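Biologist: I am new to reading protein models, and I would like a close look at a single part. Could you start there and then walk me outwards?

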Amino acid sequence: MKTLPELFANNDEWRHRTEQNQPGFFKQLEGQQSPRFLWIGCADSRVPANQIVGLMPGELFVHRNVANLVNHTDLNLLSVLQFAVDVLKVEHIMVVGHYGCGGVRAATEDQPHGLIDNWLRQVRELYLRNRKALAELPDDGARLDRMCELNVARQVINVANTTVVQEAWRREQPLSIHGWIYSIANGKLSDLDLGVNNNPELRTLEADSYNG
Ligand code: CO
């Protein structure tokens with residue numbers, strides 16, 4: 001017996017509609033995928049990568065976790081990154097945060113949340129380092145928005161410093177890293193203008209991002 005039949009019904013409807021609009025679509029995808037983009041985003045259900053940028057299956061390689069983090073010991077992310085860069089040869093990696101991120105919010109709170117606090121530790125450090133500047137903002141909403149942006153900047157730096165990206169740049173493989181943020185409130189995706197294409201640009205972003 002199928003559980004959750006409505007989801008299988010949705011799937012039938014979707015695959016028939018897709019095939020109707022683009023005959024041979026699935027057959028063609030079966031051959032190979034050649035996405036030009038790697039999306040590193042939050043696992044939040046309100047931030048569906050493909051839909052936000054209007055891309056079809058096959059066009060976007062996706063990694064999502066709580067608070068769109070790049071931890072250098074995360075074998076899952078590193079494996080996705082290596083495959084995307086070395087095998088698929090994506091040309092763009094976008095780190096995509098979102099306003100109102102619950103993971104980022106949890107990292108700014110003083111009470112414990114259990115195991116997740118280990119995952120969020122680097123965001124907590126980022127918050128503590130920027131506490132003074134954040135205190136000058138008018139309210140908690142503005143502080144959280146700013147933290148979400150600072151977190152994107154930090155993760156752009158982290159992804160650029162991985163061995164995978166460093167080695168790609170060393171062999172002069174074109175690879176740009178972008179920092180974007182998404183607003184759940186109105187669906188708008190914005191470029192935070194944190195893009196880096198090489199180590200000199202990375203060093204500049206690193207210098208800019210140290211506030212104390
Ligand atoms: Co989030």
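Leaving aside its neighbours within four places in sequence, which residues is F61 in contact with?

Modeller: Happy to help! This is a predicted model, in which local features need pLDDT of at least 70 and side-chain atom pairs count only at pLDDT 80 or more, while totals for chains, interfaces and linings use all residues. Residues are numbered from 1 along each chain as its sequence is written, and side-chain values use heavy atoms, with hydrogens and water left out.

Now to your residue. Beyond those neighbours, F61 touches Q33, P35, F37, L38, W39, V80, F83, A84 and L88 (contact means heavy atoms within 4.5 Å). F61 sits in strand β2; strands (E, at least two residues) and helices (H or I, at least four) are DSSP runs, numbered from the N terminus. With a relative accessible area of 16%, F61 is buried; that word means under 20%, exposed means over 50%, and partly exposed is in between, using a 1.4 Å probe and protein chains only. P23, by contrast, is 38 residues from F61 in sequence, and their C-alpha atoms are 23 Å apart.

Zooming out, the chain is divided into domain 1 (1-31) and domain 2 (33-211), with bounds that come from an automatic or database domain assignment. The C-alpha centres of the two domains lie 31 Å apart.

Let's follow the chain on from β2. The loop between β2 (60-65) and α4 (75-87) holds N68, whose phi is positive, near 40°. Most residues other than glycine have a negative phi, so a value like this is worth a second glance. N68 is buried, with a relative accessible area of 2%.

Next comes the metal. The cobalt ion has C42 (SG), H98 (NE2) and C101 (SG) as protein donors, 2.0 to 2.3 Å away. Donors are N, O and S atoms within 2.8 Å of the metal (3.2 Å for Na, K and Ca), and sites may look incomplete because water is not among the atoms. The spacing of these residues in sequence is C-x55-H-x2-C. C42 belongs to strand β1 (residues 37-42) and H98 to strand β3 (residues 92-98), so this pair ties together parts that are 56 residues apart in sequence. Both C42 and H98 are buried.

Further along is α10, whose buried residues are V164, V165, Q166, A168 and W169. Among the elements covering them are α4, β3, α9, β4 and α11. R170, also in helix α10, is exposed, with a relative accessible area of 63%. Its C-alpha atom is 9.2 Å from that of N198, 28 residues away along the chain. Just after α10, E172 takes a positive phi of about 60°. E172 lies in the loop between α10 (163-170) and β4 (176-182), and it is exposed, with a relative accessible area of 70%.

Finally, look at two of the helices that cover α10. A153, R154, V156, I157 and A160 in α9 meet L202, L205, E206 and S209 in α11. By class, this contact has six nonpolar, one polar and two charged residues; Ala, Val, Leu, Ile, Met, Phe, Trp, Tyr, Cys and Pro count as nonpolar, Asp, Glu, Lys and Arg as charged, and the others, Gly among them, as polar.
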